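Subject: Structure for you to take over

Hello,

I am handing this structure over to you, and the notes under it say what was found. Please read them with the model open.

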Amino acid sequence: MHHHPDEHIGGEGAFDDPLSWEAFELSVLIVLVLAALGYGLGLWRGRGRGRWPARRAVLWYLGILCTGAGLIGPVASAAHTSFAAHMVAHLLMGMIGPLLLVLAAPATVALRALPVSAARVLSRVLRSPWVRLVTHPVVAGVLNGGGLWLLYTTELFMTMHASVLVHALFHTHIFLAAYAFIYSLIGIDPNPHRAPWLLRAAVLIAFIAVHQILAKRLYASPPQGVGSADAELGAQIMFYGGEVVDVTLIVLLFYHWYTATRPARVRPGR
């Protein structure tokens with residue numbers, strides 16, 4: 001895939017060597033292939049620990065495909081010249097992909113597959129203060145929403161399309177922040193410090209409000225170098241596409257709350 005400096009968002013500017021973009025894409029591909037193989041190996045190694053729901057494996061591979069489609073390939077390539085395509089890529093790798101991957105419970109797959117000593121190490125990491133901090137709904141919500149606000153309201157958006165290093169770092173941040181945020185709300189993997197339901201619901205509502213305000217702001221005043229028609233379409237994709245993911249999160253959050261509280265009502269003697 002070839003990028004030309006005179007074609008990217010924001011017009012002319014210093015554009016990194018095409019080889020470095022190809023190195024970025026190759027790196028993404030390697031990580032995604034390793035994630036696909038690792039999950040499959042985990043399922044195979046943990047096969048003696050009881051059945052694993054097939055739907056979770058399907059969600060994992062769909063999540064890898066969505067994340068990959070947002071980072072490499074035709075949509076990601078078009079995102080350098082089109083704000084609307086950029087928003088489609090953002091939805092794929094910054095919202096839908098992380099949601100599907102969280103629902104696939106990769107840490108549980110790893111814990112089932114690893115020998116006892118290694119599983120204990122992983123458990124310690126998951127309980128560590130740093131993981132506890134970044135997977136707190138408020139912190140993860142600020143990292144996620146704040147990162148987007150910073151990207152679209154400063155010159156970072158222009159810089160990201162001109163520098164492969166900034167592009168790689170920012171997309172890594174967006175993906176990890178989205179994953180941590182969704183995990184903090186509806187993660188199936190072990191979370192010894194799960195926040196109370198009300199706090200999670202409040203943080204999700206606040207995040208949805210920030211996301212929608214940002215989409216409306218982009219519709220009215222697009223980032224530097226983005227044409228108004230392109231910006232309007234991109235903002236609409238962000239608003240309505242984001243809304244679909246947000247409603248899904250609300251439904252899943254309430255479903256988890258319902259299933260967690262139901263046994264106590266149905267079987268009081270348990």
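Apart from neighbours within four places in sequence, N144 is in contact with A177, A178, F181 and F207. This is a predicted model, and the values below are computed from it. N144 itself belongs to helix α8, residues 137-153. With a relative accessible area of 4%, N144 is under the 20% cut-off and therefore counts as buried.

Two of the contacts of N144, F181 and F207, also come up in the search for aromatic pairs. That search covered the whole structure and found nine pairs. In one of them, the ring centres of Y152 and F157 are 5.8 Å apart and the planes meet at 45°, so this pair is tilted. Both Y152 and F157 are buried. The rings of F181 and F207 also make a tilted pair, because their planes are at 45°, with 4.6 Å between the centres. Since F181 is in helix α10 and F207 is in helix α11 (residues 197-220), the pair ties together parts that lie 26 residues apart in sequence. F181 has a relative accessible area of 1%, so it is buried. F207 is buried as well, at 7%.

There is also an aromatic cluster, made up of Y39, W60 and Y61. Y39 is one of the buried residues of helix α1, which is the next topic.

Helix α1 covers residues 18-45, 28 residues in total. From its first C-alpha to its last it reaches 40 Å, close to the 40 Å expected at 1.5 Å a residue. Which residues of α1 are buried? They are W21, F24, E25, V28, L32, Y39 and G42. These buried residues pack against four helices: α2 (54-71), α5 (106-113), α9 (156-162) and α10 (164-186).

Helices α1, α2 and α10 appear again at the largest pocket, where α4 (83-103) joins them as an element that gives two or more residues to the lining. The space in this pocket is about 480 Å³. It is lined by 20 residues, and those closest to its centre are V31, L32, T67, L71 and F175. L32 is thus listed both there and among the buried residues of α1. Which helix gives the most to the lining of the largest pocket? It is α10, with seven residues.

Two arginines lie over tryptophan rings. The charged end of R47 sits over the ring of W44, at 4.2 Å from the ring centre. R200 lies over the face of W197, and here the distance to the ring centre is 4.0 Å.

W197 is worth a few more words. It is found in helix α11, the helix that also holds F207. Is W197 buried, partly exposed or exposed? Its relative accessible area is 27%, which lies between the 20% and 50% cut-offs, so W197 is partly exposed. Leaving out neighbours within four places in sequence, W197 is in contact with L253, H256, W257 and A260. W197 and F254 are 57 residues apart in sequence, yet their C-alpha atoms are 8.8 Å apart in space.

That is the end of the notes.

Regards

Methods. Residues numbered from 1 in each chain as written. Predicted model: local features only at pLDDT ≥ 70, side-chain atom pairs only at ≥ 80, totals over all residues. Heavy atoms only, no water. Expected span 1.5 Å × (residues − 1). Buried < 20%, exposed > 50% of the residue type's maximum accessible area, 1.4 Å probe, protein only. Contact = heavy atoms within 4.5 Å. Phe/Tyr/Trp six-rings, centres within 6.5 Å; stacked < 30°, edge-to-face > 60°. Lys NZ or Arg CZ within 6 Å of the ring centre and 35° of its normal. 1 Å grid on protein atoms, 1.4 Å probe; cavity = no way out; pocket = protein on both sides within 12 Å on 5 of 7 lines; lining within 4 Å. Points joined across faces, edges and corners; volume = space filled by probe spheres on them.
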